[in-house]
Amino acid sequence: MSEAISPEIIEALLPEVAELIVTALNLDVPPADIEADAPLFGDGLGLDSIDVLEIALVISKKYGFQLKSDNEDNLRIFSSLRALSAHIASQRTK
């Protein structure tokens with residue numbers, strides 16, 4: 001899909017994706033505490049490459065599309081909760 005996704009759709013998806021990340025990684029962070037624009041790596045949520053693989057797996061199962069490890073856009077896709085939610089909104093099949 002290449003059509004533009006409205007900000008409202010992305011905004012509505014944020015809590016769902018935050019919950020998915022917390023559950024998949026068994027984090028001790030309430031989903032509501034994950035800032036939409038904060039980095040998921042490093043200073044932000046502190047995720048690593050193994051965490052990304054786990055998130056990619058659960059996203060594939062839940063939303064019906066595959067996040068490939070060799071996608072050159074992965075740095076952008078996983079840069080923040082909002083970026084990840086926007087990608088899901090544009091690619092999901094369910």
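These legends walk through several views of a predicted model of one protein chain.

**Figure 1. The whole chain, built from helices.** Welcome to the predicted model. The protein chain holds 4 helices and 0 strands, and from the N terminus on its elements run α-α-α-α. The radius of gyration is 12 Å, close to the 12 Å that the globule rule gives for 94 residues, so the chain is as compact as a globular protein of that length. Along its principal axes, the C-alpha trace spans about 35 × 30 × 20 Å.

**Figure 2. Confidence along the chain.** How far can you trust what you see here? The protein chain averages a pLDDT of 91, and 97% of the residues score at least 70. Helix α1 (residues 7-25) has the highest confidence, at 96, while α3 has the lowest, at a mean of 90. As a reading tip, where pLDDT is low, the predicted coordinates should not be read in detail.

**Figure 3. Inside the fold.** Here we turn to burial and contacts. Of the 94 residues of the protein chain, 36% count as buried. Among contacts with a separation of 6 or more, 65% are made by residues 24 or more positions apart.

**Figure 4. The largest pocket and its lining.** This close-up shows the largest pocket, with a volume of about 190 Å³. Rolling a probe the size of a water molecule over the atoms shows where empty space is left. To find the pocket in the structure, look for its lining residues: F41, S49, V52, L53, A56, L67, K68, S69, N74, L75 and F78.

**Figure 5. Who supplies the pocket lining.** Which helices should you follow around the largest pocket? Both α2 (49-63) and α3 (74-77) supply at least two residues of its lining. The largest share, 4 residues, comes from α2. By residue type, the lining of the largest pocket divides into 7 nonpolar, 3 polar and 1 charged.

**Figure 6. H87 and its neighbours.** The last view settles on a single histidine, H87, which lies in helix α4 (residues 81-91). Is H87 buried or exposed? Its relative accessibility is 12%, and buried means under 20%, so H87 counts as buried. Leaving aside residues up to four places away in sequence, H87 touches F65, L67, R76 and I77. One of these partners, L67, also appears in the lining of the largest pocket, which links this view to the pocket close-up.

Terms used
Residues numbered from 1 in each chain as written. Predicted model: local features only at pLDDT ≥ 70, side-chain atom pairs only at ≥ 80, totals over all residues. Heavy atoms only, no water. 1 Å grid on protein atoms, 1.4 Å probe; cavity = no way out; pocket = protein on both sides within 12 Å on 5 of 7 lines; lining within 4 Å. Points joined across faces, edges and corners; volume = space filled by probe spheres on them. Nonpolar A, V, L, I, M, F, W, Y, C, P; charged D, E, K, R; others polar. pLDDT = per-residue confidence, 0-100. Rg over C-alpha atoms; globule rule 2.2 N^0.38 Å. Buried < 20%, exposed > 50% of the residue type's maximum accessible area, 1.4 Å probe, protein only. Contact = heavy atoms within 4.5 Å.
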